[in-house]
Amino acid sequence: MASLLLWVLIPPLLGFIILGLLGRTLPRSAILTVAWGTVALSFLFALSAFLSLLGVHPDSQRVSDASVYTWAIAGDLQVHFGLLLDPLSATMLLVITGVGLLIHIYSAGYMADDPGFWRFFSYMNFFIFAMTLLVSADNLLFLLVGWGLVGLASFLLIGFWYQRPAATAAARKALVINVIGDFGLMLAIFLLFKHLNTVDYGYGGPNCIPGTSGYGVLTAASCQQLGSLVSLAIPLLLFVACAAKSAQLPLYMWLPDAMEGPTPVSALIHAATMVTAGVYLVARTHVLFTLSPYALPIVGAIGGLTALFAATIALTQLDIKRVLAYSTISQLGYMFMGESAGSYSAGIFHLTTHAYFKALLFLGAGAVIHALGGEQDMREMGGLRYRMRITFWTFLIAVLAISGIPPFAGFWSKDDILGALLTQATSVGGAVRYLYYGLWGLGVLTAGLTALYMFRLFYGIFMGSYRGAGPLKHGHAGSDEEEEEEEEEVITAAGRRRRGESALYEIYEAPAVMTVPLVILAILSTIGGLVGSFALFNYSRWQPLNTFLEPVLGSAPEGNLPLLWLSTGASLIFALLGLLIAWRRYGQGFVYKESRNPFYRLAYNKYYVDEIGVALLINPLLWLGRQASALLEGGLLDGGSRLVGRAFSLLSAAGRRLQTGYVRNYALAILIGVVLIILYYVVRG
Amino acid sequence: MFPMLSTIIFLPLLGGIVVLLLPRERVNVIRWTALGVAWLDLLLALGVMLAYAQPHPTAITVGTVPLVVGEASPTVASVTFLLQEHLSWLPALGINYSLGVDGVSVLLMTLTTLLTVVCIAASFRVEQKLRTYLAFMLLLESGLLGVFLATNLFLFYVFWELMLIPAYFLVGGWGGPRRVYAAIKFVLYTAVGSFLMLAGIIALGYYYRTGGHYTLDLTTILNSSTHLNSTVQLWLFLAFAAAFAVKVPLVPFHSWLPDAYSEAPAPVTAMLAGAMAKAGAYGFLRYCLTLFPDAAHRLAPLISTLAVIGILYCALMALVQSDMKRLLAYSSISHLGVITLGIFALSAQGLASQQGIDGAVLQMVNHGITITALFLIVGFLEARTGTRRLEDYGGMARRLPIMASVLMIACLSSLGLPGLNSFAGEFLALLGVFRNNAVFGVLGTLVVVPAAWYMIRLVQNTMMGVRPAGGPVVAAERKGGLPDLDIGEFLVLLPLLVLIFYIGVHPLPLTFFVEH
């Protein structure tokens, strides 16, 4: 059964190879056939894998592992490339290929005018391959392979418009920070192998005998005694990888910059799928996170701080994609909070609903940017509801969903997380309790902030009257051809642009190829929450996703009803409060006012984290390198070698004087020598 | 039995002589003869490799190497040499002509023959004193192959020095403006190390003498019951290590390398970095580790410390270079540090780590493939524009899309992207290191971060961004245009690219050779 997954992996890989090698020569229709067709095939196979899993009873048997080939054998290390089909990987695959397919379709419209059309789709196919590999691998090494390859795909797509300095800088930043995560993951694998002698996950129940079929890090870890230091180090190292990939403090800095990539990329990679890999990893290896009592609280604390921190920045940003980027960071923090409460399925649930509504938000923002010819600044928008009806309505649904307004998808998953946090706070003892209370408070507060900044964005784009000057003539693409000349053209075009209502009529709704995915995602954002828990209504039999994931993730702690209602009520009140403030402030249209408020300035400038990092870390390092290059390499080592050479040549120059060629001198030397020898023996006696 | 290994070693030498005898004007005949010889040698080496991969009924385990300190050694690793050839030369001095292959040397032999084919094919643009150049390249191949195949220490030394001579002339004769300085520095550094090793070899023969005869045959020594006391081992280890540490090189014995690599013509640099640097690592593995296990155990922390310093320090150096070849030179030292670290990943009992050794050997092959590709691409780029400074470039991907893709792949391989070849080697080596010493493991693994940074810097500063107005690149474009990789250049790089992918996806065959 797991071998079905091979057919999920192969089509996008083939698509990447075909487009990468031949894409330049293919017509657009052929490129789209390959790109869409491969992802559609992949989706169909993922769907059939999912359905075949549903057909298996009892639930605990819903796991299948297929070894494809042996990657390497080195001493006692054996690594096989194997695929694991279980409820968790099936869920992830559905989200990845499903949302991936919608975004592939959308991209045909968004990227229509880009000269790098074929390159874009080959990279996108490659990403789908890498991401499906990441979630379907049955061991940590191939997880790491997928982990690295999605990082590469992200690098290639952020830097897609490679002639823009900002895009290449952002791509570099993303790659280097992601490699820090790879570093953590590698060390975690080393540590696990050192103590457990395997890199496989293991499956089929606890099986503690090395070498047997079910033996792996997830099974062995639970029955093997690891020291307290090791059992804390393993989850923390894994979490370093998660923090880098899923943009958590302090490794989040790359994600806002990653918005330099084309918007469909931001939707697919930097919102819906790749950045959730960390959430997936925690869920997948949750056994390891429970080894140490400190691991999950640390994850929760980082997630909670990130959620709040990013939300405050999102409140102040003017670039619509940056608002969404910080919102993604914040929501990812939410997912980690849910997982830290032991409710991994809540984290995965929020992952899926977030994939719908955040992809929708980005694609909607993309439609706006597309219509405005590349404009991303909220100050140049407004009033677009008149011209972009479909985008407007779908965007509204996504905003309601992310703000946690019932009955949209985000409400259910967010509620699940907050309920789990409060349940955890009331059920654990000791000081950790206060942490979870704190996290719950952070979550509720963030829910309010989320509604506030999302409606600020919504009003800014669609309501009020139009503030801009019509679409930029340039097109959104930092186009491949003749960049130098075009830069000037843009400036003159901007100078001639008209402002106000008349310019609004130059703006058109996106073509159907873009709006159809918006509508589908809007439907998912509306009803996608229904697979979640209905425990709130004391109807605990209806929780399909939880039940489905339970064989992998275990059952989440049960909360009691009044507590859940308290949590729901609080978060709903905060969300409505946020909505209200946004309406009061921006309901008549977004007005930008320069603010002198120091807190505002601080958040607007992203707390100066980038600047501090450059000043404290990057610049000193490069300075050190340059100094060492000049002083150590040039001065000490090269100079030292020269000095030794010089010393030898001086020495031999001195020695050469003795070789006069006169016999009388040599005779004299012999005489002195003989005299000395005689003297020596005389003295010695 | 047919002297297969001798044929492989001396075929290039003979080919070189033939090339010298060809008429000067027949440039194409000269080129194709040299390339043909290199190809033939590669085919022979591949034949040996295939034969080695078969289950060998005639295998004679000629020695067991205690990898455990002290006499009571429960674990022994056997060293099996195949296709042995043995001719008495000066038996009283222990000097014999003996050759043999094991899994490690069969890989390095094949790598050397492959890289020679690639580098000779990449040298088709060389015009100045073509015959001599190609003869030296082939002689270099002979020397390298001898180093990897010799099983007598004196013979090893002869080949070791033989390898130096063509390298010296190639750097000094065909290099850039500072080539003479670079060549002399290279030779002096290497020679000092070699002479210490020669002293060590003589002493070793003396200690293992039997009945008044010196013994220098590796197989005899490994089978001998003589156990050197640890002080002797220490000094002999250091004498051997002097030669290897310069060749690899270990920091701080590396000062010759950036000069030599950046001054030599690109194909020669590729040979030096791709194949010759492996001779040092091979020496550590074959001689220092097996002949002097006690000393290796005692000195492993020292060597590992130097390796770790080299890994991180040279990564930092690579980060601030503006000359592309110097950047690659420092990256090369940094990566070789990982190999050394893997070789010396000894456990607390002095046992070598199987993952460490496997990873190190795998990485020798991988680094040979990747760094050769990188130096050749940079050479192709330099041939078009006449500059190696990163600041002069930018936005080349639009003009040179194929070259940009190839450079990208090579850089990704070099930075250890999972799924490509270097990842497999580095992962195994560092895993071995980490198991036995977490501190070295963590510090060694840390290199992936700066490695990603400087390699991406190389790709982005050349291929991406915006081309600076004016400067040599624009001048070159005005003069002759900037053609993308031509079919010949692409074919030169193709085998390397295929291997980058193949080994990354399926390294099993290579680890098989190391373990058998």
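This passage describes the architecture of chain B, its interface with chain A, the nonpolar core and selected backbone features in a predicted model.

Chain B is built from 20 helices and four strands. Its radius of gyration is 22 Å, close to the 24 Å given by the globule rule for 516 residues, so chain B is as compact as a globular protein of that length. Along the principal axes, the C-alpha atoms of chain B fill a box of roughly 75 × 55 × 45 Å. Burial was assessed for the 516 residues of this chain, of which 62% count as buried. When contacts in chain B with a separation of 6 or more are considered, 78% of them are accounted for by residues 24 or more positions apart.

For chain A, the division is into domain 1, comprising residues 348-479 + 495-604, and domain 2, comprising residues 618-684. A distance of 77 Å lies between the C-alpha centres of domain 1 of chain A and domain 2 of chain A.

The interface between the two chains was examined next. In chain B, 40 residues are in contact with 42 residues of chain A. The elements of chain B that contribute two or more residues to the side touching chain A are α11 (293-320), α13 (354-385), α15 (421-436), α16 (438-445), α17 (448-463) and α20 (508-515). Of these, α17(B) provides the largest share, with six residues. By residue class, the side of chain B that touches chain A consists of 24 nonpolar, twelve polar and four charged residues.

The largest nonpolar core contains 440 residues. Residues with the most contacts inside this core are Phe127(A), Ala153(A), Ile189(A), Ala359(A) and Leu421(A), together with Cys288(B) and Ile377(B). The element that gives the most to the core is helix α6 of chain A (residues 165-196), which supplies 19 residues. The surroundings of Ile377(B) were also determined: with neighbours within four places in sequence left aside, Ile377(B) is in contact with Met403(B), Val406(B), Leu407(B) and Ala410(B).

Several backbone features were then considered. Most residues other than glycine have a negative phi, and most peptide bonds are trans. Against this background, a cis peptide bond is found in each of the two chains. In chain A, the bond from Leu249(A) to Pro250(A) is cis, with omega near -5 degrees. Pro250(A) is located in the loop between α8 (228-245) and α9 (254-257) of chain A. In chain B, the bond from Val248(B) to Pro249(B) is cis, with omega near -5 degrees. Pro249(B) belongs to the loop between α8 (230-247) and α9 (256-263) of chain B.

Positive phi values occur in chain A at Asn197(A), where phi is near 60 degrees, and at Ala247(A), where phi is near 55 degrees; each is a residue other than glycine. Asn197(A) lies in the loop between α6 and α7 (217-223) of chain A. With 16 other C-beta atoms within 10 Å, Asn197(A) is partly exposed. Ala247(A), by contrast, lies in the loop between α8 and α9 of chain A, the loop that also holds Pro250(A). Ala247(A) has 29 other C-beta atoms within 10 Å and is therefore buried, the threshold for burial being 20 or more.

Definitions and conventions:
Residues numbered from 1 in each chain as written. Chains lettered and ligands numbered in written order. Predicted model: local features only at pLDDT ≥ 70, side-chain atom pairs only at ≥ 80, totals over all residues. Contact = placed C-beta atoms within 7 Å. Nonpolar A, V, L, I, M, F, W, Y, C, P; charged D, E, K, R; others polar. Rg over C-alpha atoms; globule rule 2.2 N^0.38 Å. Buried ≥ 20, exposed ≤ 12 C-beta atoms within 10 Å, placed from the backbone. Domains from an automatic or database assignment. Core = buried A, V, L, I, M, F, W, Y, C linked by C-beta atoms within 7 Å.
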